[in-house]
Amino acid sequence: MVPSAVTTLVLATGNQHKARELAALLSPLRLRLVSLLDFPAVRPVAESGMTPAENARQKACGYARQLAQWVLADDTALHVDALCGAPGVRSARYAGPHATMAENRAKLLAELADVPDPHRTARFVCHLAVANPAGQIVAEAAGVCPGQIRRTPATGVYGFGYDALFEVSACGQTLAELAPDMTAAVGHRGHAIRALLEQAWE
């Protein structure tokens, strides 16, 4: 459990889009939320895990120890059934260790070029981990969003990463086309945050 006395929570991301999404989902807690962008001297924590859960724990513990703060870390993976679960834990590095998201998307579409539409099913999995200032994990939760991979990116103005290619099963639109409130309702981070709030906060 996270004590009610906690007033500040560090979001272990330097991605502005992700930080905004997490902050909106966590707004019921009325905490002071900061991200790694507020700590320019922080040292990157290696993500060497074989699963999103392992990576989330590594980030939460590593940044909590460095900053002596309560930290929430997330790790998200896109699993495509026709690719035996790839890109999976390598979602951010699918086209190479220094690949851009445009390059990752291009590789994904190339790998799926000959896959018929009914077999382009996929799911986003988000794992969250909260660590106390001593670097101990005190809470974890996960969320899943099922969908499929489109053949061309959507023209939506929301989302980031693979969102323009990922059509959510629940609504038939991509995450890039969904307004933030809808993404919060059906998306993987929304599901994970709600599960975390139910079990972890006093």
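**Figure 1. A look into the second largest pocket of this predicted model.** Sorted by class, its lining comes out as 9 nonpolar, 5 polar and 5 charged residues. The pocket's volume is about 370 Å³. There are 19 lining residues, and His17, Glu21, Gly159, Pro180 and Thr183 are the closest to the centre. Helix 1 (16-25), helix 4 (180-186) and helix 5 each put at least two residues into this lining. Helix 1 gives the most, with 5 residues.

**Figure 2. The largest pocket, seen through its lining.** Here the volume is about 680 Å³. Of the 27 residues around it, Asn15, Lys18, Lys59, Ala92 and Phe160 are the closest to the centre. At least two lining residues come from each of helix 2 (52-67), strand 3 (71-80) and helix 5 (188-200). The class split for this lining is 11 nonpolar, 8 polar and 8 charged.

**Figure 3. Leucine 26 and its neighbours.** Leucine 26 sits in the loop between helix 1 and strand 2 (32-35). Is this residue buried or exposed? Leucine 26 counts as buried because its relative accessibility is 1%, and the cut-off for buried is under 20%. Leaving aside residues up to four places away in sequence, leucine 26 touches Leu9, Leu11, Leu33, Leu72, Ile193 and Leu197. Glycine 190 is 164 residues away along the chain, yet its C-alpha atom is 9.4 Å from that of leucine 26.

**Figure 4. The largest nonpolar core, with a second core apart from it.** This core has 20 residues, and those touching the most other members are Leu9, Leu72, Val130, Leu196 and Trp201. Strand 1 (8-11), helix 1, strand 5 (121-131), strand 6 (137-149) and helix 5 each bring in at least two of its residues. Helix 5 has the largest share, 4 residues. Zoom in on tryptophan 201 and you'll find contacts with Met1, Val2, Leu9, Leu29, Leu31, Val130 and Leu196, again not counting residues up to four places away in sequence. The other core, lying apart from this one, has 18 residues, including Tyr94, Leu108, Leu112 and Phe124.

**Figure 5. Glutamate 140 paired with arginine 57.** The structure holds 10 salt bridges, and in this one the N to O distance is 2.7 Å. Which parts does the pair link? Glutamate 140 is in strand 6 and arginine 57 in helix 2, so the bridge ties together parts 83 residues apart in sequence. Glutamate 140 counts as partly exposed at 26% relative accessibility, and arginine 57 also counts as partly exposed, at 33%.

**Figure 6. Aspartate 74 meets arginine 189.** This salt bridge has an N to O distance of 3.4 Å. Aspartate 74 belongs to strand 3 and arginine 189 to helix 5, so parts 115 residues apart in sequence are tied together by the pair. Both aspartate 74 and arginine 189 are buried.

**Figure 7. Arginine 123 with aspartate 81, and a salt-bridge network.** The closest N and O atoms of this pair are 3.1 Å apart. Arginine 123 lies in strand 5 and aspartate 81 in the loop between strand 3 and strand 4 (87-88), so the bridge ties together parts 42 residues apart in sequence. Arginine 123 is partly exposed at 32% relative accessibility, while aspartate 81 is partly exposed at 42%. As for the network, salt bridges with shared partners join Lys18, Glu21, Asp74 and Arg189.

Methods: Residues numbered from 1 in each chain as written. Predicted model: local features only at pLDDT ≥ 70, side-chain atom pairs only at ≥ 80, totals over all residues. Heavy atoms only, no water. 1 Å grid on protein atoms, 1.4 Å probe; cavity = no way out; pocket = protein on both sides within 12 Å on 5 of 7 lines; lining within 4 Å. Points joined across faces, edges and corners; volume = space filled by probe spheres on them. Nonpolar A, V, L, I, M, F, W, Y, C, P; charged D, E, K, R; others polar. Buried < 20%, exposed > 50% of the residue type's maximum accessible area, 1.4 Å probe, protein only. Contact = heavy atoms within 4.5 Å. Core = buried A, V, L, I, M, F, W, Y, C linked by side-chain atoms within 4.5 Å. Salt bridge = Lys/Arg side-chain N within 4 Å of Asp/Glu carboxyl O.
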